[in-house]
Amino acid sequence: MAADPIPAPALSDAAVEMTVADAQAAFARGVTAEALAEAFLARIATYNPRYNALIFLNPHALDEARAIDRRRAAGEVLGPLAGVPVVVKDTMDMAGLPTTAGWHFLCAKAGGTDLMPGTDSPVVARMRAAGCVILGKTNVPVLSATGSHANDSWAGPTLNAMVPESLPGGSSAGTATAVAASLAVLGLAEETGGSIQNPASAQGLVGIKPTFALVPNAGVVPLAGSTRDVVGPIARCVRDAALTLDALAGYTAADPKTVAAIGRRPKGGYAAGLSTTALQGKRLGLYGPGWRDRPLSPETADLYARAQGEIAARGAALVADPFAGSGFAALGRPVAGLDHYDASGIESVVHDLHHYLQRLGPDAAYRTFAEFAAATKAEDPFAPGGVLDWMNQVPAFAPCLADPLAPPDLSDFLSLRERYLAIFDAVMAEHGLDALVFPQMRDALPPLHGPETIHETTVCEINIAGLPGVVMPAGFYASGAPFCLIFVGRLWSEADLLALAHDYEAATRHRRAPALSAA
């Protein structure tokens with residue numbers, strides 16, 4: 001016999017920091033998916049006006065929750081994500097809602113023309129298939145062009161739920177804020193250069209930047225869809241992120257490059273391999289100038305030293321700057337005007353964007369890059385002062401822009417990826433390393449408004465190399481901004497990284513809920 005349903009006020013309180021396990025326990029007690037969705041929608045109504053995480057609500061969310069309730073009432077065995085409220089990044093196609101890429105030209109609400117996809121992107125379809133209740137879509141900067149904030153979005157800035165006066169991380173700013181503020185249990189993010197890592201770190205969350213081609217990115221507005229772009233989860237705990245990756249990862253004919261993922265997923269799934277003894281006996285490499293010749297701030301160095309002690313206490317051996325003398329740090333070719341941002345591989349952007357537009361379907365407002373460029377020419381992103389003007393510093397970009405229909409010449413990018421991977425694998429083997437563990441940022445978060453951007457440690461090295469990383473909470477700066485670690489490993493090593501992160505999380509419990517304000 002089911003227990004009495006939890007009253008609405010208590011359910012709203014229970015939604016704070018709710019995990020997938022908490023949601024499933026609530027369902028077992030008789031709480032309906034509909035009631036849970038209503039509780040999260042009530043939180044959105046209260047807090048989203050200030051934090052601006054969600055830009056579109058799914059008008060069918062409660063209908064979808066009721067459908068889950070009917071299936072559960074009928075005795076159907078449902079998966080762990082069934083009935084769990086989630087949000088998805090604006091750039092991910094979701095049938096019935098516009099994809100705006102943060103740009104007023106692509107949003108009818110802002111005076112532009114909606115891009116309406118005819119079908120879900122594979123990742124949205126997979127979340128639906130898992131039974132998730134998708135509450136809505138989240139804010140991004142124009143064309144996802146910054147990894148620090150969403151300040152130039154047609155919808156306005158998104159605030160950091162943990163420290164509203166500081167950068168929220170980007171470009172998956174809205175997803176991170178929605179999850180950090182408990183406006184959803186889980187969120188989907190996507191990155192080309194830090195857009196999962198940075199917002200997860202900025203808001204004290206768990207984020208998985210997967211191996212390139214493990215998760216499909218078709219149907220997602222691209223910056224480098226054929227070379228660097230990845231979709232991954234942002235969550236409040238490692239287990240929830242692992243469960244989401246279980247739903248997202250693997251081959252689909254809708255994205256042929258995911259053929260590389262066949263045989264790469266762990267038996268039983270990513271969540272099944274989580275362990276509280278995973279760090280015992282492992283060898284982990286530490287950040288140093290051999291990886292990137294950029295120092296940590298004194299406060300970051302102190303926090304990192306404390307985290308190293310916590311990791312060593314779990315039985316791991318730590319290896320200082322294993323990349324010293326390897327030549328790894330010299331591989332990067334940062335573009336001028338940005339903080340250590342290497343745009344290699346993004347020369348495919350116009351070619352990838354053309355194919356993205358064609359996938360939208362016959363009723364889409366723009367079907368070709370030429371149509372898209374004509375509609376947005378007043379703010380040409382590649383012109384001087386445009387959000388992507390730095391692409392003109394990449395030698396291979398000009399021919400791609402001149403002929404978007406021609407396959408891009410990626411020989412320089414592919415050579416660079418091979419060199420990164422060769423040195424990475426050699427260093428890991430030479431030092432017997434199981435993974436790396438770095439502070440995800442080199443210093444504390446800059447202010448929300450101003451010239452400074454997030455100063456990270458692993459963008460764009462792991463983006464160009466295609467390597468996986470798991471970001472997780474590891475404390476706080478004196479300002480109250482989160483301090484996070486990132487575990488980085490070999491290609492396809494997500495299961496191992498998640499196990500290491502889970503062990504550290506279980507021992508330290510650094511995540512804490514923000515103090516939100518509706519005003």
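**Exercise 1. Classify Phe483 and examine its ring partner.**

Solution. At 1% relative accessibility, Phe483 counts as buried, a term for values under 20% relative accessible area, with exposed meaning over 50% and partly exposed lying in between (1.4 Å probe, protein chains only). The structure is a predicted model, in which local features need pLDDT of at least 70 and side-chain atom pairs count only at pLDDT 80 or more, while totals for chains, interfaces and linings use all residues. Residues are numbered from 1 along each chain as its sequence is written, and side-chain values use heavy atoms, with hydrogens and water left out.

Next, apply the ring rule: rings of Phe, Tyr and Trp (its six-membered ring) pair if their centres lie within 6.5 Å, and planes under 30 degrees apart count as stacked, over 60 as edge-to-face and the rest as tilted. The count by this rule is 14 aromatic pairs. One of them joins Trp103 and Phe372: the ring centres are 6.0 Å apart and the planes stand at 55 degrees, so this pair is tilted. For Tyr477 and Phe483, the centres are 6.0 Å apart and the planes stand at 80 degrees, so the pair is edge-to-face. Tyr477 is buried because its relative accessibility is 4%.

**Exercise 2. Locate Trp103 and Phe372, and name the residues of the ring cluster.**

Solution. Begin with position: Trp103 lies in the loop between strand E2 (85-89) and helix H5 (122-129), and Phe372 in helix H11 (residues 369-375), so their pair ties together parts 269 residues apart in sequence. Helices (H or I, at least four residues) and strands (E, at least two) are DSSP runs, numbered from the N terminus. Both Trp103 and Phe372 are buried. Finally, the cluster linked by ring pairs consists of Tyr287, Trp291, Phe323, Phe328, Tyr420, Phe424 and Phe438.

**Exercise 3. Describe the salt bridges of Arg66.**

Solution. A salt bridge requires a side-chain nitrogen of Lys or Arg within 4 Å of a carboxyl oxygen of Asp or Glu. Over the whole structure, 16 salt bridges are found. In the bridge between Arg66 and Glu34, the closest N and O atoms are 3.0 Å apart. This pair links distant parts of the chain, since Arg66 is in helix H4 (residues 61-73) and Glu34 in helix H3 (residues 33-51), 32 residues apart. Arg66 also meets Asp63 in a salt bridge (2.7 Å, N to O); both lie in helix H4, three residues apart, about one turn of the helix.

For exposure, Arg66 is partly exposed at 30% relative accessibility. Glu34 is partly exposed at 22%, and Asp63 is partly exposed at 42%.

**Exercise 4. Is the Lys89 and Glu190 pair made of buried or exposed residues?**

Solution. The salt bridge between Lys89 and Glu190 has its closest N and O atoms 3.2 Å apart. Lys89 lies in strand E2 and Glu190 in strand E4 (residues 186-191), so the pair ties together parts 101 residues apart in sequence. Lys89 counts as buried at 0% relative accessibility, and Glu190 is buried at 3% relative accessible area. Elsewhere, salt bridges that share partners join Glu17, Arg236 and Arg511 into one network.

**Exercise 5. Identify the rings over which the charged ends of Arg72 and Arg417 sit.**

Solution. The criterion is that NZ of Lys or CZ of Arg is within 6 Å of the ring centre and within 35 degrees of the ring normal. The charged end of Arg72 sits over the ring of Phe27, 4.3 Å from its centre. That of Arg417 sits over the ring of Phe212, 5.1 Å from its centre.
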